[in-house]
Amino acid sequence: MIQFISISSGSSGNCYYLLADGFGLLIDLGIGIRIFKRHFSNYGLPLAQIKAILVTHDHTDHVKAVGSLSRDFNLPVYTSARVHDSITRNHYVSKKVPLAQQHTIERGDDPLQLGPFEITSFAVPHDSADNNGYIIKAENVCLVVMTDVGHFTDEMQRIVAQATHLIIESNYDAQMLSNGPYPMRLQKRISSPNGHISNAETGAFLAEYLNPERIKRVWLCHLSAENNRPQLALDTVCQALRDKGYSLEGDNALRIEALPRHTPTLPVELE
């Protein structure tokens, strides 16, 4: 059995947790260490259950407390060499990942085996030093993680078709962004090919490239607080899927949820 918890998702901090066979895997840790420990304690989960941390990219909302947790619990941190180097130079990260705990996972390498999890990385366009998506396999589950997506690539089209479960960015609504409080410079950065992805773009991508014979659940992540709303993101993506012929009602239908920014989700069993 594999359990999934979204602990935080958004520009104020991102953190996801997978647990299988007693092996806990964190994906990013971009919230304060005290907040993280409190959330973990509220679930009755022991911190000693965490065996490794997997990092997507070097922006602070994904790595704020990675070094702190790694130091306190001697946890290995896996990401690309460029991300490790950038975290070390990130002055917003006060506690760095110890050199002995910096482990690399590079695109093109053989899959990395961490406990029950087989992990492969792939490129995700974003204005960071590097940004990694991950294919995480265990048992009959293939979880794909794509966050902070500037644009969708041909490789990502092929990868998403493998997914039984998918965490994918749906950052902003284009109309809210253009009519909102952000200056034009920031609007252009967000909507650029190395920025973030809109609800409509995510919906069109999923409708075209998901494999209806495989996909079971989709979680929309990293929603903007200023330029999006959870229901709006869901409505936009779901409508694109319905237009493609997906049924989203019924016990065996594809389930789509928008992950909350600050509130952890209930544990979900992936099967």
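Biologist: What makes the space in the largest pocket a pocket and not a cavity?

Modeller: A pocket is an open set of points, whereas from a cavity the 1.4 Å probe cannot get out. This is a predicted model, and in it about 320 Å³ of space lies in the largest pocket. Its lining has 14 residues, and the closest to the centre are Lys216, Arg217, Asp251, Asn252 and Ala253.

Biologist: How is the lining of the largest pocket divided by class?

Modeller: The lining has 6 nonpolar, 2 polar and 6 charged residues. Asp, Lys and Arg count as charged, so Lys216, Arg217 and Asp251, which are among the residues closest to the centre, belong to that class.

Biologist: How many cavities of 30 Å³ or more does the structure hold?

Modeller: The structure holds 1 cavity of that kind. The largest cavity has a volume of about 40 Å³, against the cut-off of 30 Å³. Ile2, Leu18, Phe117, Ile136, Lys137, Ala138, Val141, Leu143 and Leu270 form its lining.

Biologist: Which elements give two or more residues to that lining?

Modeller: They are strand S9 (132-138) and strand S10 (141-146). S9 gives the most, with 3 residues.

Biologist: What makes one residue of the lining of the largest cavity charged?

Modeller: The lining divides into 8 nonpolar, no polar and 1 charged. Lys counts as charged, and Lys137 is one of the lining residues, so the charged residue is Lys137.

Biologist: How do you know that S9 and S10 pair?

Modeller: Pairing needs at least two bridges, and 5 bridges join S9 to S10, which run antiparallel. The strands therefore count as a pair. Ala138 stands opposite Val141 in S10, and both of these residues also line the largest cavity.

Biologist: What is the order of the strands in the open sheet that holds S9 and S10?

Modeller: The order is S7-S8-S9-S10-S11-S12-S13, with mixed pairing. Strand S7 (112-114) and strand S13 (255-258) have a single partner strand each, so one side of each is left without a neighbour in the sheet. From one strand to the next the twist averages 20°. Helix H8 (residues 199-209) packs on this sheet and touches S10, strand S11 (165-169) and S12, with its direction at about 150° to that of S11.

Biologist: Why are strand S6 (102-104) and strand S14 (268-270) called edge strands?

Modeller: Another 7 strands form an open sheet with mixed pairing, in the order S6-S5-S4-S3-S2-S1-S14. S6 and S14 each pair on one side only. Neighbouring strands in this sheet are turned by 30° against each other on average, direction ignored. Within it, 6 bridges join strand S1 (residues 2-8) to strand S2 (residues 15-20), which run antiparallel; set against the minimum of two bridges, S1 and S2 therefore pair. Phe4 stands opposite Leu18 in S2.

Biologist: Why is the aromatic pair of Phe4 and Trp219 called tilted?

Modeller: The centres are 4.7 Å apart, and the limit for a pair is 6.5 Å. The angle between the planes is 45°; stacked needs under 30 degrees and edge-to-face over 60, so the pair is tilted. The count comes to 7 aromatic pairs. Phe4 lies in strand S1 and Trp219 in strand S12 (residues 217-221), so this pair ties together parts that are 215 residues apart in sequence.

Biologist: Where does helix H1 (residues 33-42) lie?

Modeller: H1 lies across S1, S2, strand S3 (23-27) and strand S4 (50-54), and runs at about 140° to S1. H1 also packs with helix H3 (residues 66-73) at an angle of about 65°, the axes being 9 Å apart.

Biologist: Which residues make the contact of H1 with H3?

Modeller: Ile33, Phe36 and Lys37 of H1 meet Ser68, Leu69, Asp72 and Phe73 of H3. By class the contact has 4 nonpolar, 1 polar and 2 charged residues.

Key
Residues are numbered from 1 along each chain as its sequence is written. This is a predicted model: local features need pLDDT of at least 70, side-chain atom pairs count only at pLDDT 80 or more; totals for chains, interfaces and linings use all residues. Side-chain values use heavy atoms; hydrogens and water are left out. On a 1 Å grid over the protein atoms alone, a cavity is a set of points where a 1.4 Å probe fits but cannot get out, and a pocket is an open set with protein on both sides within 12 Å along at least five of seven lines; lining residues have an atom within 4 Å of a point. Grid points are joined across faces, edges and corners, and a volume is the space filled by probe spheres set on the points. Helices (H or I, at least four residues) and strands (E, at least two) are DSSP runs, numbered from the N terminus. Axes are lines fitted to C-alpha atoms, for helices over the stretch in contact, and angles run from 0 to 180 degrees between N-to-C directions. Contact means heavy atoms within 4.5 Å. Rings of Phe, Tyr and Trp (its six-membered ring) pair if their centres lie within 6.5 Å; planes under 30 degrees apart count as stacked, over 60 as edge-to-face and the rest as tilted.
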